[in-house]
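Q: I am new to this structure and should be grateful for a close look at a single part of it, set within the whole.

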Amino acid sequence: MAGTVPAECRMANDIARNLGHLPGEEAAEAIAGHIGKFWDPRMRTRLHEFAGAGAHGLDPLVVAAVKLLS
């Protein structure tokens with residue numbers, strides 16, 4: 001199963017799990033901040049593409065964070 005989910009999605013979902021204790025909007029901002037600071041632009045682009053293609057399997061906080069990165 002791990003081979004079918006893009007690495008960027010797995011990693012973004014992991015970040016969401018780690019920051020999920022924060023209130024919704026604050027969590028999305030923290031996820032977006034982490035991705036913006038530490039992810040390579042190519043990784044961010046792939047995450048944007050995946051989210052734009054339906055975001056199946058992405059944590060809702062990750063979807064909110066991707067919108068903040070736009």
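In which helix is Ala30 found, and what surrounds that part of the chain?

A: Ala30 is found in helix H2. The model is a predicted one, and the position of this residue is best described after a view of the whole chain.

The protein chain contains four helices and zero strands. Read from the N terminus, its elements follow the order α-α-α-α. The chain is as compact as a globular protein of 70 residues, because its radius of gyration of 11 Å is close to the 11 Å that the globule rule gives for that length. Along the principal axes, the C-alpha trace extends over about 30 × 25 × 20 Å. Of the contacts between residues at least 6 apart in sequence, 59% join residues at least 24 apart.

The surface and the interior can be described in turn. About 4400 Å² of the protein chain is exposed, and 58% of this area is supplied by carbon and sulfur atoms. The chain has 7 positive and 8 negative charges, whose mean positions lie 6 Å apart. Buried residues account for 27% of the 70 residues.

In soluble globular proteins, nonpolar side chains tend to be buried together. Here the largest nonpolar core has 15 residues, and Ala12, Ile31, Ile35, Trp39, Leu47, Leu58 and Val62 are those with the most contacts inside it. Two or more residues of this core come from each of H1, helix H2 (24–38), helix H3 (41–52) and helix H4 (60–69). H1 gives the largest share, namely four residues.

Against this background, Ala30 itself may be considered. Ala30 counts as partly exposed, because its relative accessibility is 27%, whereas a buried residue would have to be under 20%. Neighbours up to four places away in sequence aside, Ala30 touches Leu19 and Leu22. Leu19 is 11 residues from Ala30 in sequence, and the two C-alpha atoms are 7.4 Å apart in space. Leu19 also belongs to the residue range 7–19 of helix H1, so the contact of Ala30 with Leu19 links H2 to H1 under the helix assignment used here.

Helix H1 also holds Asn13. Asn13 is buried, since its relative accessible area is 11% and the limit for burial is under 20%. Beyond the residues up to four places away in sequence, Asn13 touches Gly57, Leu58, Asp59 and Val62. Two of these partners, Leu58 and Val62, are also among the core residues with the most contacts.

Another such core residue is Trp39. With neighbours within four places in sequence left aside, Trp39 is in contact with Glu8, Met11, Ala12, Ile15, His34, Arg44 and Leu47.

Arg44, one of those partners, has its place in helix H3. At 22% relative accessibility, Arg44 counts as partly exposed. Apart from neighbours within four places in sequence, its contacts are Ile35, Gly36 and Trp39. Asp59 is 15 residues from Arg44 along the chain, and their C-alpha atoms are separated by 16 Å.

Thr45 likewise has its place in helix H3. Thr45 is partly exposed, with a relative accessibility of 42%. Although Thr45 and Glu8 are 37 residues apart in sequence, their C-alpha atoms are 9.7 Å apart in space.

To return to the part requested, Ala30 is a partly exposed residue of helix H2 that touches Leu19 and Leu22.

Methods. Residues numbered from 1 in each chain as written. Predicted model: local features only at pLDDT ≥ 70, side-chain atom pairs only at ≥ 80, totals over all residues. Heavy atoms only, no water. Rg over C-alpha atoms; globule rule 2.2 N^0.38 Å. Buried < 20%, exposed > 50% of the residue type's maximum accessible area, 1.4 Å probe, protein only. Contact = heavy atoms within 4.5 Å. Areas by Shrake-Rupley, 256 points an atom, 1.4 Å probe, with all protein chains shown as cover. Lys, Arg positive; Asp, Glu negative; His and termini not counted. Charge placed at Lys NZ, Arg CZ, Asp CG, Glu CD. Core = buried A, V, L, I, M, F, W, Y, C linked by side-chain atoms within 4.5 Å.
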